Every structure is written in C-alpha cells, then in structure tokens.
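Here are a few notes to read alongside the coordinates. I have kept them short and put them in an order that should be easy to follow on screen.

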There are 4 protein chains.
Amino acid sequence: MHTRNLKYQVSGVNVAAVSDVIEEAAQKIAQELEIPIAEKDYRTLLENKNIEAVVICSSTDTHAQIISEAAEAGKHIFCEKPIALDIDKIDQAITAVKKAGVKLQVGFNRRFDPSFKKAKDLVAKGTIGTPHLVRITSRDHEPPPISYVKVSGGIFLDMMIHDFDMARFLLGQEVVELMAVGSCLVDPAIGEAGDIDTAIVTLKYENGAWGTIDNSRKAVYGYDQRIEIFGSEGCVIVGNPKPTEVIVNSAKDTISDKPLYFFIERYQEAYLAEMKEFINCIREDKEPSVSGMDGKIAVQIGYVAKESLNKGFFMNINYLE
Amino acid sequence: MHTRNLKYQVSGVNVAAVSDVIEEAAQKIAQELEIPIAEKDYRTLLENKNIEAVVICSSTDTHAQIISEAAEAGKHIFCEKPIALDIDKIDQAITAVKKAGVKLQVGFNRRFDPSFKKAKDLVAKGTIGTPHLVRITSRDHEPPPISYVKVSGGIFLDMMIHDFDMARFLLGQEVVELMAVGSCLVDPAIGEAGDIDTAIVTLKYENGAWGTIDNSRKAVYGYDQRIEIFGSEGCVIVGNPKPTEVIVNSAKDTISDKPLYFFIERYQEAYLAEMKEFINCIREDKEPSVSGMDGKIAVQIGYVAKESLNKGFFMNINYLE
Amino acid sequence: MHTRNLKYQVSGVNVAAVSDVIEEAAQKIAQELEIPIAEKDYRTLLENKNIEAVVICSSTDTHAQIISEAAEAGKHIFCEKPIALDIDKIDQAITAVKKAGVKLQVGFNRRFDPSFKKAKDLVAKGTIGTPHLVRITSRDHEPPPISYVKVSGGIFLDMMIHDFDMARFLLGQEVVELMAVGSCLVDPAIGEAGDIDTAIVTLKYENGAWGTIDNSRKAVYGYDQRIEIFGSEGCVIVGNPKPTEVIVNSAKDTISDKPLYFFIERYQEAYLAEMKEFINCIREDKEPSVSGMDGKIAVQIGYVAKESLNKGFFMNINYLE
Amino acid sequence: MHTRNLKYQVSGVNVAAVSDVIEEAAQKIAQELEIPIAEKDYRTLLENKNIEAVVICSSTDTHAQIISEAAEAGKHIFCEKPIALDIDKIDQAITAVKKAGVKLQVGFNRRFDPSFKKAKDLVAKGTIGTPHLVRITSRDHEPPPISYVKVSGGIFLDMMIHDFDMARFLLGQEVVELMAVGSCLVDPAIGEAGDIDTAIVTLKYENGAWGTIDNSRKAVYGYDQRIEIFGSEGCVIVGNPKPTEVIVNSAKDTISDKPLYFFIERYQEAYLAEMKEFINCIREDKEPSVSGMDGKIAVQIGYVAKESLNKGFFMNINYLE
C-alpha cells in the first residue's frame, strides 16, 4: 500500500527500488508498479547512491537494525511501528538517526486520520478549554492468529500502543501515571498464549487531566475506533465512519450501516497522508511530526501497562529508564 | 414533583396528606394540588390509619429514621436515595422494613429512564451476547453549591452512587472490585471543601466483565448521561436526548441542539414511571424492583471508591461488612 | 386530553364543566377529573355566567354552529380544526366572533411543536436568509377507518390541511398557487370511498419561494412528520423524534428506534402549549397566534388542491372567494 | 481523473494514448502519468489498431460525432453525459454503436455511488415493498459561470438530467408524466441568461408511483444530494456524507461538519466504480448497466420538463419521439 501510494498519489516521488526477503514478492510488486529494481537484500538499496529515502515495512524484529544501517547510509527513514520491542534497540536506532542527521518518521498512521486530526486541532485551538478527560475506545474486528499473538509482545505493545500514542497526540501532553486491568474474555486460546484480549487503562496526564482507554480484540460489528476529549468549555467526540449514508425505516426498526470493517479501509486517507508528510519533511527539511521519541515513548508506556496489570496498582512512568 | 405525579398521573391514587418541616411549604403545595391535610410533623401522617403508603423526600440524614417509623406504622415506603450515609442506619431501616413486612422502594430513578431500561432489557435478552465492557459517563451541568458539597458525602456517595447502581442494574451482576482516581479540575473551592469534582472508577463484575465510570461536576453543554455495554455479539449505546430535532446547515457548519439541561427534564418520564411501579407493587403485592439492598449496596460501593482513591489501588468490595 | 391538560398542567385555570352528546362520557370524565358539572347539552354551559371560555372538540360539522353560539354568549373560544368544511359557515362563525369581540383560537397544534416552532423562529430571524424551497413530509401510521374517510372531506381537507397551515406558518407568507397530484396506492377501499391516499402538492408563495408537500395515509414505520426550509444562507431540517436514544451495533447492522407511533405522543407537548397560549391570550387580552382566518385559509387551500387534482394544472388561490 | 483512475486503480488496463484539442494539455497529462502517446487529433487514436476502447470527456457538442466515429473504428466507448442536446444526434450515435456491435456506457456516475446503489438494491430486493413516493434533492454548492449557463441547455438538461436518470435508476421504472415549476431566486444574471436556478419537478412512474425532484444552483453549506424512496413496507433514505466524524458539544450548541463540498469529492468512489464497470463489461462481453438509451431518455425527460415549465401543466413523456 505504501509503495502504491508513493508511486501514484504522492507527486514528485520516484520509487526507485523495492526489497523483500521473499524475492518473488519484491519482483511481483516491482513488475505490477513498473519499478526498475527488485532485490532480496535491502542492503543493495542502502548502497544505491540515487536513493534518498527508505520506507521500512519489514517484521518488527528487523526495524531497529535496518534503521541504524539506513541512517549510516544517509537515507531518510519512514518506519512502521513499533521501532522495536526492546527499549535499548530503540535507543540505538534513535542515536544512529541523530548522528547521521537524517529524518525518521514512525508509522502512527492514526494521527493522520482526518477526524482524529481535526479533534486534536480543536483541542489545541482551545475549543474545549482545559482538557479534563480523554476517552479512547479501540476494538478490532477479529483477533489476530494465535501464532501472531505469541510473538506480538502482548495487547499493550501490539494493539494499545496505538492508543497510547493517540492519548499523547490528542492533548500534546505526556502520560505520567497509569493503571491497567484486563483479562481474557474473547478467546481462551489467547489466554493460553499468555496474553489478554480485553483491557482498560486509566491514565493521568502531566497537567492533571485523566484518560481511559478500552481495548477488545473482537467487535462483531466491525472496526471500532472512537475518541472523546472533555474539557472546561466543551467536548469533542469522534465516531466511526460508515460505508454508506443509507438509512432504512422499517416496520421493525431504523437500520443503518455498520462501521467500516478493516483498518485498511478506515485509515486509507491516513496512510496516504503520512507518506505525504514524510516526503514533504524531506523536501522542506522539516522534522516529521511523529518522531523516533514518539515511537519509543509508546513502547515505554506499553511496558508500564504490562507491569501495572501484573502488580494491580497505579504506576509512574519514568521516561528516563 | 412526586406529589404532582401521584395526584394527576398515577390513576387510582388518592393523595391524602403532605408534610414538611417548613409548614408553609406543606400548606402551599396542599392548597395548589387540593390535598386535604398539610402537616409540619410527619408523625401525624404515620398515625393516620387511612394512609397506606408514604413517599419520603426529606433531607438524607432523616431518611433511615423515617423509614423505620413508617415501617412500624405499617406503611409502604418509597424513599429517595441514599437511605443513609451510614451503613448501620441503612441496615436498621432495612431490618425494620423486613420485620413489618411492608414494601420499600429506593429512588434510583434512572433505572426507569426509557432508554436505559431498554438497554438493560436488550442485554438481559442476550442481544449483545456475553457482556465484556460497560462504560458510563455522567456529567452534571453545574456543580452544586459549596455548602451542599460539604455535607454531600463526596462525589462517590452523592453523584457516582447513581452510576454504581446503574452499573449493577445494566448487567444484573454485582461489582466485586474497583479502582478510583480523580482530582479537582473544575473548581478549587470543591477541593477546599474536601471533595473532588472529576473522577474515574474502573470496576470488575462478578462474572468477569469490566466497567468504567467517568464523572464531572460541570459540563458546559448540559446534562450528559450516556452508557455503553459491549459484548461478544454487539454493543448497546445510549446517547443524550435533545429538546428538538432541528438541524441547521449553514455556510460554516451543521448545528443541532445541546442535550437537555437539567435532570428534571431528562428524567421526567423516569420519575413518573418509578411512582407507577411503586403503586403497582403495593396493589399487586409484588416486591419493588429497586430494593433496600440496592440502596445499601450503592452506598457500600461508594465507600470502597473513597478508600480506593485514598490508597491508590484496586479494592475488593465486601458486601458482608 | 385538553381537559386533563387544562385541569392539571395549566396553572390558574378552573375547569368548571364538561359537556358531551353522550352524557355518560361527560359524567365519566367529570368524575375522574373532579369536575363539578357534566352536561349532555353544551348550551347549558354557554348559559353559565361563571364560564369565561370554552374548548370545542365535538365533531367537525358542529364546530361553526357552536362557535357562533359561544361567541354570542360572550365566551372565548378554542376550536379544533377545521372550523367547518363549508367556507360560508366558517365566515359566519368568524363574523360572530368578531361581533362579540371574543378570542378565537383554532387547533393547529403542530405550530406549537417545539421543533417546528424553533424552525419557524430560525427562518423568521433570518438564519437561512431568503427562503427558496420548503419541503413538508407528512405520513400517518395507519389510514383512518373507511367510514371516517367517507365523511372526512378527503385527504386535502382532512390530512394535508395541517401541512397547508404549516407551509404558511413556516414562512409567514401566503400560498398563491398550487398544483396537486395523487392517487390511491395504499388501499383500494379508500379509492372506492372517493378519496386518494397518496398525494403531492407543489405550491408557490407570494414572495416567490416554492414548496412541496407529500402525504401518505400509511407509513409502516410510524408517524412521519418532517420539514425542511432551504434558503439563500442555509437550510433548516426537522426530523422525527424517537422514543429512546438506544443504538445497537450488531454483526448485521446498526439499529435504532422507529419514530414515535401516534400523533398524541408526537404532539404531547404541542397540545399542552396551545392550551397555555389560549389561556394566556385571554388573561393578557392578546390575539391568539392561530386565528379564525388561519382556520379558513387552510380550508380554502384544501379546496383549491381538490380542484387542481381534478383539472391537472396549476391553480391560483383566490383568498376572496 | 478518469485517466488517473484507469492508469492506477483499474487493474489490467493499459492506457495507450491521450488526446486533447489543446495539445499541451494532452502532453502534460501524458508526461505526468507516463502515457506513451499524446495527440491533438482524436482521430489518430481511432486509427490506432492497438486501442480497444476510448473514454470521451470532450465538450458536449462533440460527443455524438466522436461516438459515431469511434464505433465505426470498432472501439468500445465510455462517454460523459449528455450524449448530445439534440435527440436526432443521440439517435445517430446510438445507431452507429448498434451497427458496430461495440459497447457504449454513458457517464451517469451517481448510479455508482455506494449509497445510491445500495438504496436502489434495497428497493429492487423488495425491502420497502411497493414504492409509492420518490424524493430527490440535488443542490450545487455554487452556480456555474454565466458563460457556461448560456450554452448549458438550461437547468433541466444540464443539472436535473442527473436526477431524471437517478429517478429511473432507483425504481427501475420509466417516468411517464411530469410537471415542472421553477424560477430565478439565486442570481438574476442566470435569469438574464434565459435560465432558472431553482426548480421542482413532480413526476409519475409507469407503475403509478410519484416522485418529486428539487434543484437549486446554490447551497451555501456544500454539495447537497439526498434521496428518499417510500413504499408500502418502509422507507430508504440517503443523506450527505461528511468529511469527518467529529462532533463538538459546546456551551452554545452541538456542531458537526458540513457536507462534502464538491462533486469530485462526493463521487470519487463512483467515478472509479463506473470505470471498473466499463472495463469489466468489455472483458466479460456484457452490456454496460448505463446504456445509450439511458443517455437518450434523460435528455428526452429534460425537454419535456422545459416544455412543462413554459406551459404550466402536466405533460406526458413520449419515448417514441
């Protein structure tokens, strides 16, 4: 999707090469999108002097290493979240980026969703006064395969990480304390894999506002992503978009569409917008609005949530650790 | 309001007498509604053999005593919430009622709101499968006077008590654990009075579901009372009613009404419905759906919330204390 | 309903007497609402010097006669619509009222609906600039009995008469031309009774705006009453209220309530508000906002619509005939 | 837009050439989208044996001629609406297409809008029973330039033509009678150019249902395209999509977005879907769902509306002329 967006919808970009550990996959996409180079080894791309920037969508455990190498090769970098599940590796990647003086943007795509972005902008403009409460609901349509659950890092690092970032993004404030609860209500197999599928985190912001996030791995009615920011002068609420505007009045009830089903549909515009920002930041030499530190902090919060769940009490978040 | 509802809108009821410590208030309402007896001392009413039932709307600290006396006098009793702020006094009142064999209904009016009642019925019917998450938002339009805040028992016993009852009502399950957080964000005077004005409670139900309640003493846009119950087969959401159905499309935006402003407007139908249920239970010799135990448990939960706020961790709720 | 509203919800009114051609009906309501006098013959009431005002809810063919007699007896008059199906009789009633100098208010209750009233007020305030288009939808839940259809005067005089009044009310302008079409689509028995059950009227206002009204005798989903006023600076839209604010997200679709079912529920507040206005006009010696002329003009428009339907072309409305 | 969609979003299509009377325009788009051939004269493309199909987006007065030539050259044809403003020319184009045995699809893009398509499908499935009433609202955000108004053929052939097609599409029935009214309320310059800017058409379907269409050249709040189909078993309503799902509750009112502003945004998905259908029909040798006859009938209805406006009465539509 990123390749397609860059090739067709971001003007002035020349997609020079693709790389995939499964060489056939790289060749297939290169052929389909008329991209001249398709390689198995990403290092070939890093050595290519004509390439200015890279977009990293490989598996999570390879992100940090590729970021470091790409930074050393002087490429600007867009990397899917999370940078790594290991804070040390994240730090190494961020250090490499800083040393090389290249741009790094992390793929928190939801920040680019037009509704969430508008909500954030309204809060920043003071439309609702001082924020007091933030509520984030995030429910997937279907749980991932159990094989994925096992290596995902758990619900806080795999799923709620998006909501931790959203919580920070909406108020432009750090989260300083949190309390996590949750259990396995959707599928016992998730519990057997050592994870939970239903969770609530209560959090406190540095300026005193409170937040609550709820996650479920399975909402039968589709992909459910809503937020609410309540403040001294009002409340901003973001609901779910629907595929059509059709309403049916029947003898029984009034019926409208379910929310959109998959995150690809829901965040289509957001995925394109984050690529446009990345390209724009390179062109105009600006810092991307989603930095490596944003990527790190969301992971840190995830680890504190995990610990809070185990200990059963409120935890401070130490951003220096 | 109860007197007016009973006199005019509940068929078959004969409002025989009113009593108020401010005698003029009793006389005024008696005159206006053509009620033959108006007394300063409620005991005169309890001695009146023609009176079958009483509705207690006096100040909270008198509830338990009047319930006990009314029960001894053989009257059926409707009493506004809370029965008392002291669990022992609640127990004495409940014991007196049980001994006398009279009916006691507690004024958790929100249970009779058509929207909340429909939500509960849908959950009970299994429409959303097994409940996993409950979300309750309850925000007042304006904080009460500071003089009231000081004697109110605090936000958990004065305001969130309604939500604790709602939480139990919606699932028909007991709350077994909770964690409370909160602070004073609306008005420092509330903090000086020893209370908070913004609070979040996370709770666990006996069958494993989770809930979250948020309260604020001040929502500039009106009286905000919403709920959501999410389960294995779907989600029930209840929004705020609005005074009109008018929408304006302007060159700037799309505008609709604010929610209704005061709880009297919002729960008008609910106040009438609870009176009808009370009268109906007497007539058909049935137990009221909101019992003395319901009144007691909501207060117990309130005390645990207060303690959790102070201690900063999850608390079990011991219903035997 | 009017009696009950006057007795219980309009302060300062003393309901002195009721009258009904079916004497038992009068006695029953008098007993239930503690009204001292119940008569078979309304003339007894007109002779009663203590009675200041009357509310006429008898069958349509008796309205004009009773208005004239009540006016001569010096009573202020509220009369249900229509005053009569015969323009001459309406004129006689209006003349009698004028001669006697009493108040006459006609029962176009929808003008008092909070949503429609707000829409009208917004238009009057200039919120949508100069009005260009008015759209009125009015669909009953069930057709009336065929026996009623036969004597009703037809869909334009019985049902759309409310919409003709609404059309005038919303813009505060006269309708000067119209074109009616329609046919029998709901129930052939209505056609056999000489009426139609589905109709559209296109109309022109004196200031050049256009309007369209659609009526159906049967909407399976409830009572459907919506309006829209579109102008140079925006659009005001009024939808149907619903009994609850409950939404269900299910695996199949999103479900909400049907509109309210019966006009009594929908216009409950409006019925009370029109009584309050009537009493208030008497007390403050003001002209009621819904006059005898309003009652007459709606009937006149109804006759022109009937003629247009038969002739198949646009008709001028001559308010002098 | 069509070129971009075909190049990037319809798989298996090879965009071989573009042509534009302004040669630089053709060259610019060819360069941007990497299309090998850019010509001033479309005939060069028709002579190119490698080209199987053409998409005609030239000015209306050239459509019919190009269709005929393209058909003779054996190319499948997609043509923007209207085919021509002259019925004879439309007939000639249709005859040429039929003789050549090629496909012709006319650009009534709104049929491919997901909401309108779903509404039509629900009606076809019988969800609302027998249709009784159709209501179509179609209001542009801004009137076109006066220079365009002068050559546009007038509001019925330029703007309401889409709604005539929509009216036929929604029920799958022909319109057999209509009555048009309207005037110049938005801008007197439109009246001076011999056109109107506000219009209402009432129409009758072959099976007895009724319809009403309202058009305005200027809605300050955006592009307003709504429909409603009411039948014996229910009602289907389609509202306007909005750019975001953000709602703001403020101390003054509740605010949400305006509808989308321009038809390009509103019908983005529809434009792509009609291209996909066109390509699919060629590939699977199926007749396009929007035929040359559909293009002709909408123009015929437009002429009858023009005549009805002038004459002031109901007109039959003779599809044989």
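Is B:R139 buried or exposed?

1. Please keep in mind that this is a predicted model. To take up the question above: B:R139 has a relative accessible area of 0% and is therefore buried. The residue belongs to strand β6 of chain B, which covers residues 131-139.

2. The side chain of B:R139 has polar partners worth displaying. One is the side chain of B:D214, in a polar contact of 3.0 Å. Another is the side chain of B:Y221, where the polar contact is 3.1 Å. If you would like a reference distance, the C-alpha atoms of B:R139 and B:M315 lie 24 Å apart, with a sequence separation of 176 residues.

3. B:D214 also leads over to chain A: its side chain and that of A:R135 form a polar contact of 3.3 Å. A:R135 sits in strand β6 of chain A, residues 131-139. Its relative accessibility is 9%, and because the cut-off for buried is under 20%, A:R135 counts as buried.

4. The surroundings of A:R135 draw on both chains. Leaving aside residues up to four places away in sequence, its contacts in chain A are A:T212, A:R226, A:I227 and A:E228. From chain B, the residues touched include B:R135, B:I136, B:T137, B:D214 and B:R226, and B:R139 from the opening question is on the list too.

5. Now for a sheet in chain A. Three strands form an open sheet in the order β3-β4-β5, with parallel pairing. At its edges are β3 (53-56) and β5 (104-106) of chain A, each pairing on one side only. On average, neighbouring strands are turned by 10 degrees against each other, direction ignored. Helix α4 of chain A, residues 60-72, packs on this sheet and touches β3, β4 and β5 of chain A, with its direction at about 165 degrees to that of β4(A).

6. Looking at one pairing in detail, β4 of chain A (residues 76-79) runs parallel with β5(A), and three bridges connect them. A:C79 has A:V106 in β5(A) as its bridge partner.

7. Finally, how are chains C and D related? A turn of 180 degrees with a shift of 0.0 Å along the axis lays chain C on chain D, at an RMSD of 0.0 Å. The two copies are thus related as by a two-fold rotation axis. C:F313 has the C-alpha nearest the axis in chain C, at 2.4 Å. The copies meet through the same surface, because 100% of the interface residues of chain C are also interface residues in chain D.

Conventions:
Residues numbered from 1 in each chain as written. Chains lettered and ligands numbered in written order. Predicted model: local features only at pLDDT ≥ 70, side-chain atom pairs only at ≥ 80, totals over all residues. Heavy atoms only, no water. Pairing = 2+ DSSP bridges. Helix = DSSP H or I, 4+ residues; strand = E, 2+ residues; numbered from the N terminus. Axes fitted to C-alpha atoms, helices over the stretch in contact; angles between N-to-C directions. Contact = heavy atoms within 4.5 Å. Buried < 20%, exposed > 50% of the residue type's maximum accessible area, 1.4 Å probe, protein only. Polar contact = N/O pair within 3.5 Å; in protein donor to acceptor, adjacent residues only side chain to side chain. Least-squares fit on C-alpha atoms with pLDDT ≥ 70 in both.
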